[in-house]
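Biologist: Could you take me through one part of this model slowly, the place where the ligand sits? I'm new to this, so please keep it chatty.

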Amino acid sequence: MAGATTTRYGQFINGEEAPGADGTHRPVLDPANNRPFAEVAEGTAEDARRAMEVAEKAFRESPWAGGDGSQRVKVLLKLAQSLEAELDRFAELESRNVGKTLREAKGDIQFVVRTLEYIAGLADKLEGETIPVPGGRLDYTIREPVGVTVHIAPWNFPLVLSVRSVAPALAAGNAVVLKPASLTPLSALAFARLARTAGVPPGILNVVVGSGRAVGETLVSDPRTRAVSFTGSVEVGQRISELAAARHIPTTLELGGKGPVIVFADADLDRAAKGVIWGIFGNAGQMCWAGSRLLVHASIREPFVAKVKALAEKLKVGPGLEAGVEMGPLVSPEQLDRVVGFVEEARRDGGTVVTGGARLTDAARAPGNFLAPTIVEGLPPEHRIVREEVFGPVLSVLPFTSNDEAVRLANGTDFGLLATMWTRDLATAHSVARSLECGMVGINDPPLTFPQSPFAGAKSSGSGFEQGSRVVEAYTRRKNILVNLGAPRAG
Ligand code: NAP
Ligand code: MG
């Protein structure tokens, strides 16, 4: 249990922090050593319902929803500034909670700041249209907030993936209830406090921490919920869809991936190798859009895999907060076991482990969830490790001999989130980009996004989108108003 040095966090409901309804707490562990460093109130279905009640009341009564969008611009910009001023504190919290390196965590918080700035500017630009209609009539549309929106986030980029949907929902004038992942609730709670100080009225942004089943399902099923944004696994996304469909609630689903990285023979191989490394070992591979399948032209397979192997073996793996570390631990012992299970199965089935494949068990790292950067080859495209989401630092290699084969392999999973490719040939780049069944394509870059670019998946990777200038509209309802201006009634 938590020792004297741990910090205690509550739920954040109605603008203040409070213990959960049943008074229990759960420890929050540091993935670098699995020791508790904080504890957090464990929410229940009762807490979820209370948050919904508070949010619905705030939506009806506070000036946030009905008020002037330019006020929301100011508050969201102030929130961006407060977060930027506390970037180091938030980055440290995120790094300690997830295990990611401090450098990565700083990048995450910077992305959140930039998201808030970008989205803030959209809060007073929710325009309607006037539509020509027959007779002496005026027809126009307005955009209204939908009411209470529910947001459920995963543990790999806790604040980024919370705020990228919470910010547009707030900008549109909704009231929000956010459920962060049970493993990584701290940055969301700290953010809600900051939002209150920046001027988000009480009840407009609530955070309920608790299990997916108790808190998540209660929020999605609540009769007051008007929209749901979910980022997480395909299985849970399926469950959320079913619950939401029963009440015709719109959902945005950002789910898993098994991203292909296609390296053509004409690519700048040094740049491509670095891109492959970042795409699979960044955040210890725990990225929905990780480039986890390397599709490499057969003519360059050997030298290219050797390059990637050399870079992988140079990566410094250790606690995220330690200076110079380039890859942190996995988020939990369960996640580590799951990833190791995939690698063991690959080995049993005749795969070659080119590098890594083992836990790091020296005295400093044994208590944490550390795995060496791993590359596996020699398995067919149907093998589980090549086709399913491992969600860890494990790269599978497949050779191809023609552009058609590369596209066939790239499209050969149920997922379709981000595909990246490396080539100097413009015709190849653009024609292959069009043939890929996915929501995003990156050319000559590692996985990269900006708040102004839509983030979306195809096939099992999800539906709807986050980010981009249209995202605020996704949290509004379009209402049509038709006015008879005194025209005589048409025939
Ligand atoms: P997860 O198990 O699906 O959990 C995601 C969130 O859903 C957590 O807050 C979880 O709560 C909650 N949850 C679990 N069961 C629920 C239920 N029955 N009803 C409502 N909510 C429920 O995913 P994860 O393990 O945290 O994250 C890894 C997955 O997320 C990977 O598949 C990854 O690809 C995907 N992901 C996708 C994107 C994207 O943008 N496409 C981005 C990042 C991650 P608990 O924490 O309490 O279980
Ligand atoms: Mg999970």
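Modeller: Here is a walk around ligand 1, starting with the domains and ending with a pair of helices.

Keep in mind that what you see is a predicted model. The domain assignment splits the chain into domain 1 (8-255 + 461-478) and domain 2 (260-443). Their centres, taken over C-alpha atoms, are 31 Å apart. The two domains do touch: 23 residues of domain 1 are in contact with 27 residues of domain 2. So where does ligand 1 go? Both domains give residues to the shell around ligand 1, so the ligand lies between them.

Now zoom in on that shell. There are 30 residues around ligand 1, and those that come nearest are S182, E217, S233, L255 and E389. Sorted by class, the shell has 15 nonpolar, ten polar and five charged residues.

A few side chains are worth picking out, and you can look for their N or O atoms facing oxygen atoms of the ligand. For E389, that kind of atom pair is 2.5 Å apart. With S233, a polar side-chain atom sits 2.6 Å from an oxygen atom of ligand 1. For K179, the distance from a side-chain N or O atom to a ligand oxygen is 2.9 Å. And how much of the ligand gets covered up? On its own, ligand 1 exposes 910 Å², and the protein buries 87% of that.

Which pieces of the fold build the shell? Among the contributors, α6 (158-171), α8 (212-221), β11 (225-231) and α9 (234-245) each supply at least two residues. The top giver is α8, with three residues.

Let's stay with α8 for a moment, as it also meets α9. Their axes come within 9 Å and cross at roughly 35 degrees. On the α8 side of this contact you'll find E217, V220 and S221, and on the α9 side R239, I240, L243 and A244. By class, that contact has four nonpolar, one polar and two charged residues. Notice E217 in that group: we already met E217 among the residues that come nearest to ligand 1.

Technical notes. Residues are numbered from 1 along each chain as its sequence is written. Chains are lettered from A and ligands numbered from 1 in the order in which they are written. This is a predicted model: local features need pLDDT of at least 70, side-chain atom pairs count only at pLDDT 80 or more; totals for chains, interfaces and linings use all residues. Side-chain values use heavy atoms; hydrogens and water are left out. A residue is near a molecule or strand if one of its heavy atoms lies within 4 Å of it. A polar contact is a pair of N or O atoms within 3.5 Å; within protein, one must be able to donate a hydrogen and the other to accept it, and residues adjacent in sequence count only if both atoms are side-chain atoms. Accessible areas come from the Shrake-Rupley method with a 1.4 Å probe; for residues, only the protein chains shown count as cover. Helices (H or I, at least four residues) and strands (E, at least two) are DSSP runs, numbered from the N terminus. Ala, Val, Leu, Ile, Met, Phe, Trp, Tyr, Cys and Pro count as nonpolar, Asp, Glu, Lys and Arg as charged, and the others, Gly among them, as polar. Domain bounds come from an automatic or database domain assignment. Axes are lines fitted to C-alpha atoms, for helices over the stretch in contact, and angles run from 0 to 180 degrees between N-to-C directions. Contact means heavy atoms within 4.5 Å.
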